[in-house]
Amino acid sequence: MMSKFNRTAALSAALLSVSVALAPSAMAQNAGQSGGGWFVPKAAQQPAPPAAHTQRRAPSPVPLPAPPADSSEADQQTPPVLPLPPIPAMPDLPKGVAPPVTVIGVISVSGVMRQSSAAMQVERTLGGRRDALAQDLQKEQAGWRDEQQTLQAQAKSLSSEQIQSRERSLQNRVMKAQRDFRNRNRIIQEAAQVSLGQIERELVQVIQKVAASHGMNLVLHSEQVALHVDGQDITNEVAKQLNSVLPSVFIPDANVDPEVLAKSGKMPTTADADQEGPASGPAPAVTPAAAPAAHK
């Protein structure tokens, strides 16, 4: 009977490690990932390492005492005297065309995104999907704990074969749920890339147009500028034009896998952008303001 309790305790520890490993992936909040309160996906998000294997920390190197300074070591620290062969002198170049006078503008991209109605739409829609994913994960984890407690309570009245069968069933349930939640989280991340990619591509064009209208030929991020005057800041104007041109974006439905959608040929993909000439395939069935983001 002691072996039954040992297996049940081992299963409890395994379930806890799976829950800890899965929770950061599914319950990541967009507020911590976004700058300035608008939704930004982690495009380069690395998968969490499996929690089932504990990595040993490498021992810290033992500091070695500094060797005593002597005259020979001081001589070694003196730069060596090396040959200096002559090099040819470069002649003067003919006069070229002088660059235009620099007209500088500054912009806060985070400030633009905070005012963007399309960015707020993405945050509202995908933030709701993340919340739903986190709630479903919590419910599933509660079901794991209930089933585990039931198994522990009934262990004395069950045979070893029955306990092993119940343990395998619970383990299979945990593994399946883990795959499902990771897949749902991936779909949310890729939907964010699709929707925010539209804003990014449109924003580049808007900045170019607004800067050209003011004769600006150099636009810097406001975070890189220590001092500027109001006339150089085009943040609010760019946000206004962005909302006019792109008030909303295409966001794949919650039950649509963006990768499957890209392979369906129903709308352009990043593969089309690499080809010369017009994109092949049927035209997107959306308005220009809601053109879907290219996705590979």
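Which helix is Val174 found in? Keep that in mind while you get your bearings; we'll come back to this residue at the end of the tour. One thing before you click around: this is a predicted model.

**The whole chain**

Show the protein chain as a cartoon and colour it by secondary structure. You should find nine helices and two strands. Trace the chain along its sequence and the pattern reads α-α-α-β-α-α-α-β-α-α-α. Of the 296 residues here, 32% are buried. Now think about who touches whom: among contacts with a separation of 6 or more, 87% link residues 24 or more positions apart.

**Two helices side by side**

Next, select residues 117-153, which is α5, and residues 160-213, which is α6. Two packed helices are described by the angle between their axes and the distance between the axes. For this pair, the angle is about 175 degrees and the axes are 11 Å apart. An angle over 145 degrees counts as roughly antiparallel, so α5 is roughly antiparallel to α6. Where α5 meets α6, the contact residues split into 18 nonpolar, six polar and nine charged.

**The largest nonpolar core**

Now show side chains for Val112, Val122, Ile199, Val238, Leu242 and Val249. These have the most contacts inside the largest nonpolar core, which has 24 residues. Which helices supply at least two residues each? They are α4 (109-115), α5, α6 and α7 (235-245). The largest share, nine residues, comes from α6. As a general background idea, nonpolar side chains tend to be buried together in soluble globular proteins.

Zoom in on Ile199. Skip its neighbours within four places in sequence, and Ile199 is in contact with Met113, Ala118, Ala119, Val122, Leu242, Leu246 and Val249. Apart from this core lies another one, of eight residues, including Leu133, Leu137, Leu170 and Val174.

**Two serines to click on**

Select Ser195, in helix α6. Is Ser195 buried or exposed? Its relative accessible area is 0%, so Ser195 is buried. Look for its side chain, which reaches the backbone oxygen of Ala192 at 3.1 Å.

Then jump to Ser222, in the loop between β2 (218-221) and α7. Why does Ser222 count as buried? Its relative accessible area is 16%, and the cut-off for buried is under 20%. Leaving out residues up to four places away in sequence, Ser222 touches Val106, Ile107 and Ser108. You can also draw a distance from the C-alpha of Ser222 to that of Ile234: these residues are 12 apart along the chain, and the two atoms are separated by 9.9 Å.

**Back to Val174**

Finally, select Val174. This residue is found in helix α6, and you have already met it as one of the eight residues in the second core. Val174 is buried, with a relative accessible area of 3%. For a last distance, pick the C-alpha atoms of Val174 and Gly143: the two residues are 31 apart along the chain, yet these atoms are separated by 10.0 Å.

Methods. Residues numbered from 1 in each chain as written. Predicted model: local features only at pLDDT ≥ 70, side-chain atom pairs only at ≥ 80, totals over all residues. Heavy atoms only, no water. Core = buried A, V, L, I, M, F, W, Y, C linked by side-chain atoms within 4.5 Å. Buried < 20%, exposed > 50% of the residue type's maximum accessible area, 1.4 Å probe, protein only. Helix = DSSP H or I, 4+ residues; strand = E, 2+ residues; numbered from the N terminus. Contact = heavy atoms within 4.5 Å. Polar contact = N/O pair within 3.5 Å; in protein donor to acceptor, adjacent residues only side chain to side chain. Axes fitted to C-alpha atoms, helices over the stretch in contact; angles between N-to-C directions. Parallel < 35°, antiparallel > 145°, perpendicular 65-115°, else oblique. Nonpolar A, V, L, I, M, F, W, Y, C, P; charged D, E, K, R; others polar.
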